[in-house]
Structure formats: C-alpha cells, structure tokens
Amino acid sequence: MLFDIDQIKKNRRRARKIGKKNFIQCAAFKNLEERVIELGLSFRNVLVVGAKEIDFRELDQDLAIEYSDHFNQVPIKKTVDLILNVLNLHWSNNPKRDLSSQINLLKPGGIFMGCLFGADTLKELRDSFFKAEVEISGKARPRISPLPEIRDIGNLAQNVGMKSVVADKEAITVEYETVMELLKNLREMGETNSVLDRNKGFSRRDVFNLMEKYYYKNHPFKKTDKNNNGIRATFEIIYLYGEK
C-alpha cells in the first residue's frame, strides 16, 4: 500500500469543515459538468464520487443522483447510467480494482467520466523540497504524492474493459504570494501529503526555509504592483471518458 486512506479521509473531512472551494476544484467541477451536458443524453441514475450536490448546479435536477465522498465508500447496490469520479483516483492504492468496481456499477452502455491530478501537479514544490532535503540531509522523503501520467490512465481504462476511451489533460498555473499560501490552499482542498512513508512530524525549519529559497529562486512570478516575486504552482488535471 502506498497511501494512508484514513489520513486521506481525515484531510477531506477537515477540508469540508473549512468549507472553502478553490479555483482548481471549481474548474474541475465545471469542466466535468459541461462535458456531461455536451453529451446531450438522458441519464436516469447517476453516481457522483468525490463531490456534493452544490458542486454541480447545472445538472438536470430531475436526475436521481447519489453522492459518495470516497471511491471505497460507494453506497449503492443498483446499477447506474453515469458515474462521475471527481479528483479521487489519484489517491487509490489499487486503481485497477477501484475503477473496475465502479465500472461494474454501470449498466451496459453506461458512461464513466472522471478527473484526477496528473504527474505535473505541484512539480515546482516537489523540486524545491527535493533539492532542500538532499542538500541538508543527503536524502529526500516523499513530500508530494506520486501521480500518474495520462498514458497510465488511458491504459488503465482499457485494462478494465472500458470502450471508446478518451483521456485528455489540462495544465493550470496558479500564482501565489507565498509558499505558505500554496500549502494553505492544499489543506483547504484536502490534498495534503498522505503517503504512508511520509514524515509525520513537522518539517525541520532549516529544510523548510531552504525549500522556500529554492522555490522563490527557481519558480517565481513577477508581481509588478509590488515589484517583488511570488511563486507559481502547476496543477495538471487528467480527464477520462469511457463506456461500459
């Protein structure tokens, strides 16, 4: 096992209490919603994994939609016409099993649509932590989750028997005033480190300070209003479509 599922659930509960949806999550919700609407198909039963009713305001309100917080807590036993899996699969310890179990919930001809974070997500933070830890201690602990390439997702979908598979990706660059603002944003998203082999204590101050220096030096953006530097962070979102 790679991920601490209990920690992931804890992070998600904390994020819900904070109650602050950010630009990245809203962009993913809106993109998936638009893709469903563009299909122009009639769906009677829908399962949404990883989101709430408030996140999909434009979907037909007459749909019978059930919501689940997490991919291994799917609550229904009956089959459905459409499954939307939102920013969940990148936390799976067994993506093939978890995706296959959801495909099994689809009716013949049913549609799976999902999104998850891809390999380029937080590449600047990963790079900065790696350089700082290697310089200070000679080795680096996992700070950012290993994330899949788009080809991995396409292959996975085909391996579980999905048809008409389409996988595409979107890279979003976000500008932050400080590294702490980025880390706070990740906490609000419920996307903080949940790798089992993570350092469960606080980061050493010298490592954190050096990480910040590397980040500001190597991945800055210019703030012309104040004439100083902030940082940029990449979020890569992979979208997956397939039919049963």
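Ala-15 is buried, its relative accessible area being 9%, and this alanine belongs to helix α1. The structure described here is a predicted model. Within that model, Ala-15 and Gly-190 stand 175 residues apart along the chain, yet their C-alpha atoms are separated by 5.1 Å. The points below begin with helix α1 and the residues that meet it, and then turn to charge pairs, backbone angles and two long separations.

**Helix α1 and its surroundings**

- When neighbours within four places in sequence are set aside, the contacts of Ala-15 are with Lys-20, Arg-187, Glu-188, Met-189 and Gly-190.
- Two of these contact partners, Glu-188 and Met-189, are also listed among the buried residues of helix α6, which spans residues 179-189.
- The buried set of helix α6 further includes Val-179, Leu-182, Asn-185 and Leu-186.
- Gly-190, which follows α6, has a positive phi near 75°, and this glycine is in contact with Ala-15.

**A positive patch on the surface**

- Lys-10, Arg-13, Lys-17 and Arg-187 gather on the surface as a patch of positive charge.
- Helix α1, running over residues 5-18, supplies the largest share of this patch, namely three residues.
- Lys-17 is a residue of helix α1, and because its relative accessibility is 76%, above the 50% cut-off, Lys-17 counts as exposed.
- Arg-187 thus appears in two settings, as a member of the positive patch and as a contact of the buried Ala-15.

**Salt bridges**

- Side chains of opposite charge can pair when their charged atoms come close.
- Ten salt bridges are found in a search of the whole structure, and three of them are described here.
- One of these joins Arg-35 to Asp-168, with the closest N and O atoms 2.8 Å apart.
- This pair links distant parts of the chain, since Arg-35 sits in helix α2 (residues 23-39) and Asp-168 in strand β5, with their positions 133 residues apart in sequence.
- Both partners count as partly exposed, Arg-35 at 23% relative accessibility and Asp-168 at 25%.
- A further salt bridge brings together the side chains of Glu-236 and Lys-169, at 3.5 Å from N to O.
- Because Glu-236 lies in strand β7 (residues 228-243) and Lys-169 in strand β5, this salt bridge ties together parts of the chain that are 67 residues apart in sequence.
- The two partners fall into separate accessibility classes, for Glu-236 counts as buried at 4% relative accessibility, whereas Lys-169 is partly exposed with a relative accessible area of 47%.
- Strand β5 therefore takes part in both of these links, through Asp-168 and through Lys-169.
- Arg-204 and Asp-206 also meet through their side chains in a salt bridge, with an N to O distance of 2.6 Å.
- Arg-204 is partly exposed, having a relative accessible area of 46%, and Asp-206 is likewise partly exposed, with a value of 35%.

**Positive phi angles outside glycine**

- Leu-87 has a phi near 50°, which is a positive value in a residue other than glycine.
- Leu-87 is placed in the loop between β3 (80-86) and α3 (95-103), and with a relative accessibility of 5% this leucine counts as buried.
- Ser-164 is not a glycine either, although its phi is positive at about 50°.
- Ser-164 is placed in strand β5, which covers residues 163-176, and at 47% relative accessibility this serine counts as partly exposed.

**Long separations in space**

- Arg-204 is placed in the loop between α6 and α7 (205-218), and the distance from Arg-204 to Leu-147 is 25 Å, C-alpha to C-alpha, with 57 residues separating the two in sequence.
- Tyr-67 lies in strand β2 (residues 64-68) and counts as partly exposed at 25% relative accessibility.
- The C-alpha atoms of Tyr-67 and Phe-3 are separated by 23 Å, the two residues being 64 apart along the chain.

Notes: Residues are numbered from 1 along each chain as its sequence is written. This is a predicted model: local features need pLDDT of at least 70, side-chain atom pairs count only at pLDDT 80 or more; totals for chains, interfaces and linings use all residues. Side-chain values use heavy atoms; hydrogens and water are left out. Patches are made of residues with over 30% relative accessible area and no salt bridge: like charges are joined within 9 Å, nonpolar side chains (Val, Leu, Ile, Met, Phe, Trp, Tyr) within 5 Å. Accessible areas come from the Shrake-Rupley method with a 1.4 Å probe; for residues, only the protein chains shown count as cover. A salt bridge is a side-chain nitrogen of Lys or Arg within 4 Å of a carboxyl oxygen of Asp or Glu. Lys and Arg count as positive and Asp and Glu as negative; His and the chain ends are not counted. The place of a charge is taken as NZ of Lys, CZ of Arg, CG of Asp or CD of Glu. Helices (H or I, at least four residues) and strands (E, at least two) are DSSP runs, numbered from the N terminus. Buried means under 20% relative accessible area, exposed over 50%, partly exposed in between (1.4 Å probe, protein chains only). Contact means heavy atoms within 4.5 Å.
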